[in-house]
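Welcome, and thanks for taking a look at this one with me. Here are a few notes to read alongside the structure.

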Amino acid sequence: MARNGSYRDGMSGSHTSAGGAPGHRPETVVVRQAAPRDARACLAVYAPYVTATVVSLEETPPSEPEMAERIARSLATHDWLVLEVDDVVRGYAYGSAYRGRAAYRWACEVSVYLEPGRRRTGSGRLLYDVLFERLAARGYLTVLAGMTLPNEASEGLHRALGFTDVGTWQRIGWKFGGWHDVLWMQRQLAEGGDPPAEVT
């Protein structure tokens, strides 16, 4: 059970209501595993980051079929979760391969995206808490996150969750007529043995 919400594996499980402002009906906040059919909802969250910000260094939002393929690919090897508020997807988080070479297979890259109105509500932490638990259960030992600078909200979230800075790629991405730096942060999920157990 994650704080301020509930976790549902697939489409089963129960909802837990989270408190709202006085005089307003409490929200029902659920974190569940995504499916390719969530592509349109996830794309609605993600596309504004592509078209209007440098949070994502993609220049064109993916198509709905491409987003569905990204979800399916993540589910096969890592995990992809969505945050539903009153049965509407308002954010998501996922894991993906860090590098293709075999020696890196116990590390993965993680990302979280939220609608603007869900920032600083605990939603990012809620998604990540469940995601990290599930990645660790598959055998992943290290998670890494990259963020275009400046991004105080993302830096603050990751540091609050135990990430530490490991380096900055300078002038690495060109978008909207300028160069952008990318900060990389890292957190260990588990120690692992010598050798570590294989990822499942």
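1. The protein exposes about 10600 Å² of surface, and 51% of that comes from carbon and sulfur atoms. Please keep in mind that this is a predicted model. Of its 200 residues, 42% count as buried.

2. For the overall layout, you can look for 4 helices and 9 strands. Following the sequence, they come in the pattern β-β-β-α-α-β-β-β-α-β-α-β-β. If we take the contacts between residues at least 6 apart in sequence, 63% of them join residues at least 24 apart.

3. Helix α4, residues 152-160, is a good place to zoom in, with Ser154, Glu155 and His158 buried. Viewed down the axis of α4, the buried residues fall within an arc of 100°, so they line one face of the helix.

4. What do the buried residues of α4 pack against? Their neighbours are α3 (123-138), β7 (142-148) and β9 (178-188). After α4 comes Gly162, which has a positive phi, near 95°.

5. One of those neighbours, β9, also pairs with strand β8 (residues 164-175): the two run antiparallel and are joined by 8 bridges. To find a bridge on screen, start at Asp165, whose partner in β9 is Met185.

6. Finally, have a look at the turn of this hairpin, where 2 residues lie between β8 and β9. Phe176 takes a positive phi there, near 55°. Gly162, following α4, has a positive phi as well.

Technical notes: Residues numbered from 1 in each chain as written. Predicted model: local features only at pLDDT ≥ 70, side-chain atom pairs only at ≥ 80, totals over all residues. Heavy atoms only, no water. Buried < 20%, exposed > 50% of the residue type's maximum accessible area, 1.4 Å probe, protein only. Arc of directions from axis to C-beta. Contact = heavy atoms within 4.5 Å. Areas by Shrake-Rupley, 256 points an atom, 1.4 Å probe, with all protein chains shown as cover. Pairing = 2+ DSSP bridges.
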